[in-house]
Amino acid sequence: MQDDDAYDPSFLSDPDDPPELDSALPGKHGLVLVSTPIGNLGDVSIRALETLRGVDLILCEDTRVTAKLLQANAIGVRCEPLHEHNEDARIPGLLARLQQGASIALVSDAGTPLLSDPGFRLVRAAIAAGILVTGAPGANAAVLALTLSGLPPHPFLFLGFAPARAAARLSHLKALRGAEQAGLSATMIWYEAPHRLAEMLADLASVFGAREAAVARELTKRFEEVRRGDLAGLAEYYAAHQARGEIVVVVGPGTAEASGGAEIDRLLVTALATMSVKDAAAAVASATGTTRRVIYARALELKGNSEAS
Ligand code: SAM
């Protein structure tokens with residue numbers, strides 16, 4: 001599991017001299033990000049296995065977890081740990097090996113490295129050092145949950161784990177709600193621990209109100225389940241039934257009315273008190289990032305309502 005990483009914008013390698021990709025099989029040299037299964041050991045690509053077999057070193061979040069995948073596929077390559085607590089310290093040594101021509105694979109315990117998992121800082125350092133960085137793609141719990149949820153697949157916003165503490169989680173959710181009121185409209189995805197699921201759903205329902213959502217559990221495993229419903233119903237269900245296993249929470253975008261309508265109306269009413277319909281619509285469209293045509297139509301309605309009453 002990986003917390004937010006520091007972001008240094010000065011990482012780019014020389015755009016006139018990019019590293020060369022010399023093979024369809026990643027891992028002949030450079031750093032290669034290899035996705036592993038999220039539950040079912042069969043969910044790993046042939047190319048990912050060939051890559052793991054061909055590299056000089058495999059960096060693993062937990063070598064004991066990756067050992068199962070390697071043993072199941074008769075891969076005997078050396079493994080070393082790379083996790084949240086040693087990533088920074090390991091970067092200089094790993095870059096030196098990569099610069100000497102080593103091929104190194106990075107895997108996490110499950111799914112795609114970097115996504116709520118270690119590796120981001122190493123990837124940026126490798127890019128900055130001009131080292132080839134490539135990947136063997138595969139499973140990811142967030143994307144699978146999104147596609148199974150029945151909610152709009154794009155745009156989507158992947159948020160990793162919400163803060164564990166109640167106050168921090170609420171402000172995180174309220175900030176997103178604020179972004180919606182300013183015009184964001186996206187399906188949102190979080191990873192969540194089973195013992196926090198009921199609280200998370202209750203907070204989601206209180207901040208986002210009536211909203212379609214889905215809870216995807218144990219994907220690709222024996223007890224896989226996708227429970228779809230509105231936020232309040234899901235919150236009620238999981239308050240009464242303790243969830244088990246690995247979980248992804250998916251929340252659909254608000255309708256125009258739910259996500260920003262009330263706020264837009266409030267801004268329009270204020271603007272219409274002193275401005276023409278055209279100017280009020282332009283001002284509110286620019287303040288909320290909503291299309292001027294939509295706001296203009298709503299301003300006409302509001303003006304009509306107030307004149308009729
Ligand atoms: N990098 C991984 C990926 O690509 O999906 C995710 C790593 S993150 C540390 C682990 C979290 O992902 C779990 O706590 C759970 O929220 C989610 N997750 C992983 N596997 C899952 C599965 N099979 N079903 C549902 N959620 C899963």
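**Exercise 1. A helix on the sheet**

Which strands does helix 4 (residues 120–128) lie across, and at what angle does it run to strand 1?

*Solution.* Note that this is a predicted model. Step one: list the strands. Helix 4 lies across strand 1, strand 2 and strand 5. Step two: read the angle. Helix 4 runs at about 150 degrees to strand 1. Now take helix 2 (residues 63–72). It lies across strand 2 and strand 3. Its angle to strand 3 is about 155 degrees.

**Exercise 2. The order of the strands**

Give the order of the strands in the open sheet, then find its edges.

*Solution.* Step one: the order. The sheet has 5 strands, arranged 3-2-4-1-5, with parallel pairing. Step two: the edges. Strand 3 (79–81) and strand 5 (133–136) each have a single partner strand, so one side of each lacks a neighbour in the sheet. Step three: the twist. From one strand to the next it averages 30 degrees.

**Exercise 3. Pairing, bridge by bridge**

Work out how strand 4 (residues 103–106) is paired, and where its side chains point.

*Solution.* Step one: strand 1 (residues 30–34). It pairs with strand 4 in the parallel sense over 4 bridges. Gly 30 stands opposite Ser 103 of strand 4. Step two: strand 2 (residues 57–60). It pairs with strand 4 in the parallel sense over 3 bridges. Here Ile 58 has Ala 105 as its bridge partner. Step three: continue outward. Strand 2 also pairs with strand 3, in the parallel sense, over 3 bridges. Cys 60 has Pro 81 of strand 3 as its bridge partner.

Step four: the side chains. In a regular strand they alternate between the two faces of the sheet. In strand 4, Ser 103 and Ala 105 point one way. Ile 104 and Leu 106 point the other way. All four residues are buried.

**Exercise 4. Two helices in contact**

How do helix 7 (residues 197–208) and helix 8 (residues 231–240) cross, and which residues make the contact?

*Solution.* Step one: distance and angle. The two axes come within 8 Å and cross at roughly 155 degrees. Step two: name the arrangement. The cut-off for roughly antiparallel is over 145 degrees. Helix 7 and helix 8 are therefore roughly antiparallel. Step three: handedness. Helix 7 passes helix 8 in a left-handed crossing. Step four: the residues. Helix 7 contributes several, including Leu 197, Leu 201 and Phe 208. Helix 8 contributes Leu 231, Leu 234 and Tyr 238, among others. Step five: sort by class. The contact has 13 nonpolar residues, no polar ones and no charged ones.

Notes
Residues numbered from 1 in each chain as written. Predicted model: local features only at pLDDT ≥ 70, side-chain atom pairs only at ≥ 80, totals over all residues. Heavy atoms only, no water. Buried < 20%, exposed > 50% of the residue type's maximum accessible area, 1.4 Å probe, protein only. Pairing = 2+ DSSP bridges. Axes fitted to C-alpha atoms, helices over the stretch in contact; angles between N-to-C directions. Parallel < 35°, antiparallel > 145°, perpendicular 65-115°, else oblique. Left-handed = near helix turned anticlockwise from the far one by under 90°. Contact = heavy atoms within 4.5 Å. Nonpolar A, V, L, I, M, F, W, Y, C, P; charged D, E, K, R; others polar.
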